[in-house]
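The exercises below ask for a careful reading of one model, with each task followed by a worked solution. Please keep the coordinates open while working through them.

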Amino acid sequence: THLLVFNVGLSSTSTPEQQDAFYHQVVERLRTLPGVQAVGAVSRLPLASGNSSRSFTVPGSSRKDYEADIRVSTPDYFRAMRIPLLQGRTFTESDSAGSFHAAVVNEAFVQDFFPGQDVIGKSIADFGPTADRLQIVGVVGSVRHVGLESSPRPEIQLPFGQAHWPSSFVVVRTTLSDPTLLTGSVQNAV
């Protein structure tokens, strides 16, 4: 309800810097359209099929089988999708290539890997193919990404600017009862 969702992507030869600039500009342009409340981009929408996951370690733990689904998103994605912030913060524009690697995790992640603990400020290490170290800055509500019949899985969200994705979904939350009325304006902005 009140959402216009579309997929847009860049060439696979685009650089991470081009991808970051493109999605930043798209979100900024769409945010200024009349009737728009929030705009966010994300690598994979809930129930849109396809999934990506990464392995990682937790400093101080002997457990070796940590794995979580991943998404890459812009700062306002959670607000646009009305995914509640439960603890800490979501992404900001300062979560960029030059800052520490931030991560927002879901409630299922906390329950599976850090039950009963405050995870804000905790680190995960050896994340993905480049063995990055991420600092958890926020916890959001869990979303069923794979299917309505399956429980939410542990998930790590990474900010555009620190992680990159050439093709993404854009979510536009609007006050209009028929969000498709924005289609022409959205196409022009993109």
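**Exercise 1: Cavity linings**

Task: Sort the residues that line the second largest cavity into nonpolar, polar and charged.

Solution: The lining of the second largest cavity divides into 5 nonpolar, 3 polar and 1 charged residues, where Ala, Val, Leu, Ile, Met, Phe, Trp, Tyr, Cys and Pro count as nonpolar, Asp, Glu, Lys and Arg as charged, and the others, Gly among them, as polar. The residues concerned are Pro 46, Tyr 77, Ile 83, Val 140, Gly 141, Val 143, His 145, Glu 155 and Gln 157, and the volume that they line is about 30 Å³. A cavity is here a set of points, on a 1 Å grid over the protein atoms alone, where a 1.4 Å probe fits but cannot get out, and lining residues have an atom within 4 Å of a point. The model is predicted, so that local features need pLDDT of at least 70 and side-chain atom pairs count only at pLDDT 80 or more, whereas totals for chains, interfaces and linings use all residues. Residues are numbered from 1 along each chain as its sequence is written, and side-chain values use heavy atoms, with hydrogens and water left out.

Task: Apply the same sorting to the lining of the largest cavity.

Solution: The largest cavity has a volume of about 40 Å³, and its lining divides into 3 nonpolar, 4 polar and 4 charged residues. Among the lining residues are Asp 69, Arg 144, Arg 153 and Glu 155.

**Exercise 2: The buried side of a helix**

Task: Establish which residues of α1 are buried and where they lie around the axis.

Solution: Helix α1 spans residues 16-31 and reaches 23 Å from its first C-alpha to its last, close to the 22 Å expected at 1.5 Å a residue. Its buried residues (under 20% relative accessible area, 1.4 Å probe, protein chains only) are Gln 19, Asp 20, Phe 22, Tyr 23, Val 26, Val 27 and Leu 30. They cover an arc of only 165° around the axis, which puts them on the same side of α1. The buried residues of α1 pack against β1 (3-9), β2 (36-42), β10 (167-174) and α4 (183-189).

**Exercise 3: Positive phi**

Task: Locate Arg 82 and decide whether this residue is buried or exposed.

Solution: Arg 82 is found in the loop between α2 (77-81) and β5, and its phi is near 60°, a positive value in a residue other than glycine. At 58% relative accessibility, Arg 82 counts as exposed, the cut-off being over 50%.

Terms used. Helices (H or I, at least four residues) and strands (E, at least two) are DSSP runs, numbered from the N terminus. The expected span of a helix is 1.5 Å times one less than its number of residues. The arc is that of the directions from the helix axis to the C-beta atoms. Contact means heavy atoms within 4.5 Å. On a 1 Å grid over the protein atoms alone, a cavity is a set of points where a 1.4 Å probe fits but cannot get out, and a pocket is an open set with protein on both sides within 12 Å along at least five of seven lines; lining residues have an atom within 4 Å of a point. Grid points are joined across faces, edges and corners, and a volume is the space filled by probe spheres set on the points.
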